[in-house]
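The exercises below ask you to read the architecture of a structure from its domains, sheets, helix packing and chain contact. Work through each task with the coordinates open before turning to the solution.

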Amino acid sequence: MTERKSRAYIMGAYEHPTRLATDKTIAQLHAESALGALADAGLGLNDVDGFFCGNDMPGIGAFAIVDYLNLRLRHIDTTDTGGCSYMIHVAHAVEAIAAGKCSVALVTLGGRPRAEGASTGTAPRPYHHAQPDIPFELPFGNVIAGSYAMCARRHMHEFGTTSEQLAWVKVAASHHAQHNPRALLREVVTVEEVVNSPLVADPLHRLDCCVITDGGGALVVTSPEIARQLARPLVGVIGMGEAMKGQDGGHVDLTYSAIAAAAPRAFSEAGVTPDDIKYASIYDSFTITVLMQIEDLGFCPKGQGGRFVADGNLISGSGRLPFNTDGGGLCNNHPNNRGGMTKIIEAVRQLRGEAHPAVQVPGCDLALASGIGGSLAMRHGGSVVILERQR
Amino acid sequence: MAEARGHVPDPQTFGNPETGHFWREAAHGRFVIKRCTACGKHHWYPRSHCPHCGGGETEWVDASGGGTIYSFTILRRGGGKVPAYVTLDEGISVFTNIVDCDPERLSIGQRVTVRFWAEEDGLVVPVFAPES
């Protein structure tokens with residue numbers, strides 16, 4: 001493969017090992033993740049001059065966590081697009097580094113919804129009365145699981161997608177999770193077990209939903225000059241795309257996601273096509289989230305996602321598109337209800353050849369991480385980063 | 001109308017200067033939507049400007065109250081509520097609930113008409129029921 005130029009490299013990646021953090025604060029989870037990723041890169045807190053996080057740390061923007069870590073920064077970015085914020089943070093870090101605004105960018109995530117007893121998918125999220133959409137959605141039971149379920153129902157109506165096809169997404173994730181000793185759910189499940197699990201929001205069953213876990217993660221993105229001085233493999237960021245999709249003033253179309261706009265931007269920038277991708281981390285808040293992204297990324301035509309994911313096609317070693325080889329959010333980890341961070345981390349593991357041997361994709365030199373954050377049927381963000389092993 | 005449902009907190013949400021009119025009309029059993037005075041298109045949810053053409057002036061108009069189910073779900077852990085998008089005959093889709101129905105027998109494309117239900121705190125919200 002011809003080596004493409006990267007403006008920045010992911011040199012550090014760390015997934016916090018906890019899944020239940022009753023004994024830790026949110027700030028601690030950020031800090032432990034930050035230290036882990038910096039140690040992985042061979043750097044320290046004093047090397048960091050750019051910082052990126054979402055709104056998962058209480059307080060104004062990043063003030064609290066930056067002061068807690070005692071960082072001295074030249075650049076700061078607290079863009080929040082829900083669970084896919086971390087793809088966008090990597091993309092924005094690359095832009096900031098290319099523009100000379102920083103040279104060592106730290107991205108952190110931390111949270112403890114499980115310890116705090118959150119009902120992430122089935123209870124209303126916190127809101128502010130001044131959100132213009134709130135009066136027109138709050139009274140009607142606008143919860144996350146219901147939002148994704150309406151997309152699944154429409155997909156079934158338009159394209160003939162079945163619950164069994166959706167179940168294959170979970171089945172594939174569980175095949176990978178059995179090899180991950182830290183995965184919350186390590187048991188391999190069958191299509192029958194998924195479709196026979198209790199309905200949460202029709203047509204989505206309990207096993208169509210991701211786990212709720214505490215924890216976090218962090219990434220270190222550096223300039224090419226610094227990257228070349230470090231001992232870790234060079235994971236270049238060669239394509240980035242981001243988009244947001246809402247209700248279009250009432251012209252609602254639930255058959256596609258923001259990834260339909262984000263993906264072509266990322267592939268165009270990278271100069272590669274979906275056929276070139278050897279491994280894909282695909283945000284899996286629900287099984288339908290994966291299926292719609294696979295279509296919108298261009299791995300198959302719109303409407304054929306159900307057929308594409310069926311029969312183990314996402315299972316590493318046998319399927320055409322190995323995905324979420326850590327077990328993903330469906331089985332392994334979905335820290336603080338934000339699966340974007342762990343998606344990038346597993347893509348980095350694959351490109352470094354450091355995934356579990358049972359799920360490592362041979363010769364994995366080109367991967368992507370795709371994420372959807374927010375509420376799929378209401379307002380959501382989508383972001384894709386394409387990553388290449390370059391050393 | 002006026003069958004009590006779940007409590008809706010924070011009543012100030014429903015009386016703001018931009019969309020308070022919608023809720024005052026709903027309290028009288030009227031379902032109103034916004035239309036742009038420049039391009040003539042309807043939009044949802046109601047705004048003081050037009051999200052389609054960017055026009056700065058919109059007006060309240062009576063909706064026909066009819067539509068079809070675009071998609072729906074049944075919240076098994078939310079007391080069986082049926083959230084749905086209903087595509088109004090005016091061409092815009094609104095997020096709402098389907099009521100007075102057997103949820104198991106609903107289908108996409110089914111005709112529905114507006115009803116008005118009262119929340120515990122007195123707020124009246126537009127919901128939809130299958131046409132008989």
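**Exercise 1. Domains of chain A**

Set out the domain assignment of chain A and describe the side of domain 1 of chain A that touches domain 2 of chain A.

Solution. The model is a predicted one. Begin with the bounds: the assignment for chain A places residues 9-115 and 215-237 in domain 1, and residues 134-211 and 238-389 in domain 2. Next, take the centres over C-alpha atoms, which puts domain 1 of chain A and domain 2 of chain A 23 Å apart. The contact between them draws 31 residues from domain 1 of chain A and 35 residues from domain 2 of chain A. Then look at which elements contribute on the domain 1 side: β1, α3, β4, β7 and β8 of chain A each give at least two residues, and α3(A) gives the most, with 7 residues. Finally, sort that side by class, which yields 16 nonpolar, 12 polar and 3 charged residues.

**Exercise 2. The sheet of chain A**

Trace the strand order of the open sheet in chain A, identify its edge strands, and place the helices α9(A) and α12(A) against β10(A).

Solution. The open sheet has 9 strands, which follow one another as β3-β2-β4-β7-β1-β8-β11-β10-β9 of chain A, with mixed pairing. The edges are formed by β3 (75-77) and β9 (279-282) of chain A, each of which pairs on one side only. Neighbouring strands are turned against each other by 20° on average when direction is ignored.

Now follow one pair in detail: β10(A) and β11(A), the latter covering residues 380-389, pair in the antiparallel sense over 9 bridges, and A:Leu366 has A:Glu388 of β11(A) as its bridge partner. With β10(A) fixed as a reference, α9(A) is found lying across β9 and β10 of chain A and running at about 125° to β10(A). The helix α12(A) also packs on the sheet, where it touches β1 (9-15), β4 (104-111), β7 (215-222), β8 (235-245), β9, β10 and β11 of chain A, and its direction makes about 175° with that of β10(A).

**Exercise 3. Two helix pairs**

Classify the crossing of α5(A) with α9(A) and that of α3(A) with α12(A), and list the residues that meet.

Solution. For the pair α5 (163-177) and α9 (287-297) of chain A, the angle is about 100° and the axes lie 9 Å apart. Because the angle falls between 65 and 115 degrees, α5(A) counts as roughly perpendicular to α9(A). From α5(A) come A:Leu166, A:Ala167, A:Val169 and A:Lys170, which meet A:Thr287, A:Ile288, A:Val290 and A:Leu291 of α9(A); by class, the contact of these helices holds 6 nonpolar, 1 polar and 1 charged residue.

For the pair α3 (85-98) and α12 (340-352) of chain A, the axes come within 6 Å and cross at roughly 60°, so that α3(A) is oblique to α12(A). Here A:Ser85, A:Tyr86, A:Met87 and A:Val90 of α3(A) face A:Gly340, A:Met341 and A:Ile344 of α12(A) in the contact, whose residues divide into 5 nonpolar, 2 polar and no charged.

**Exercise 4. A glycine in β10(A)**

Is A:Gly373 buried or exposed, and which residues does A:Gly373 touch beyond four places away in sequence?

Solution. Locate A:Gly373 in β10(A), residues 366-374. Count the other C-beta atoms within 10 Å: there are 28, and because 20 or more suffice, A:Gly373 is buried. Then list its contacts, which are A:Thr81, A:Gly82, A:Gly83, A:Cys84, A:Ser85, A:Gly340, A:His380 and A:Gly381. One of these, A:Cys84, is 289 residues away in sequence, yet its C-alpha atom is 4.8 Å from that of A:Gly373.

**Exercise 5. Chain B and its contact with chain A**

Describe the open sheet of chain B, and then state what chain B brings to its contact with chain A.

Solution. The 5 strands of this open sheet are ordered β6-β5-β4-β7-β8 in chain B, with antiparallel pairing. At the edges stand β6 and β8 (124-130) of chain B, each having a single partner strand, so one side of each lacks a neighbour in the sheet. Within the sheet, β5(B) and β6(B) run antiparallel and are joined by 5 bridges, with B:Tyr85 standing opposite B:Phe95 of β6(B). From chain A, helix α4 (144-159) packs on this sheet, touching β4 and β5 of chain B, and its direction makes about 100° with that of β4(B).

Turning to the contact as a whole, 32 residues come from chain B and 30 residues from chain A. On the chain B side, β2 (42-43), β4 (66-72), β5 (83-88) and β6 (93-97) each supply at least two residues, and the largest share, 4 residues, comes from β6(B). By class, this side of chain B comprises 15 nonpolar, 12 polar and 5 charged residues.

How values were computed
Residues numbered from 1 in each chain as written. Chains lettered and ligands numbered in written order. Predicted model: local features only at pLDDT ≥ 70, side-chain atom pairs only at ≥ 80, totals over all residues. Axes fitted to C-alpha atoms, helices over the stretch in contact; angles between N-to-C directions. Parallel < 35°, antiparallel > 145°, perpendicular 65-115°, else oblique. Contact = placed C-beta atoms within 7 Å. Nonpolar A, V, L, I, M, F, W, Y, C, P; charged D, E, K, R; others polar. Pairing = 2+ DSSP bridges. Domains from an automatic or database assignment.
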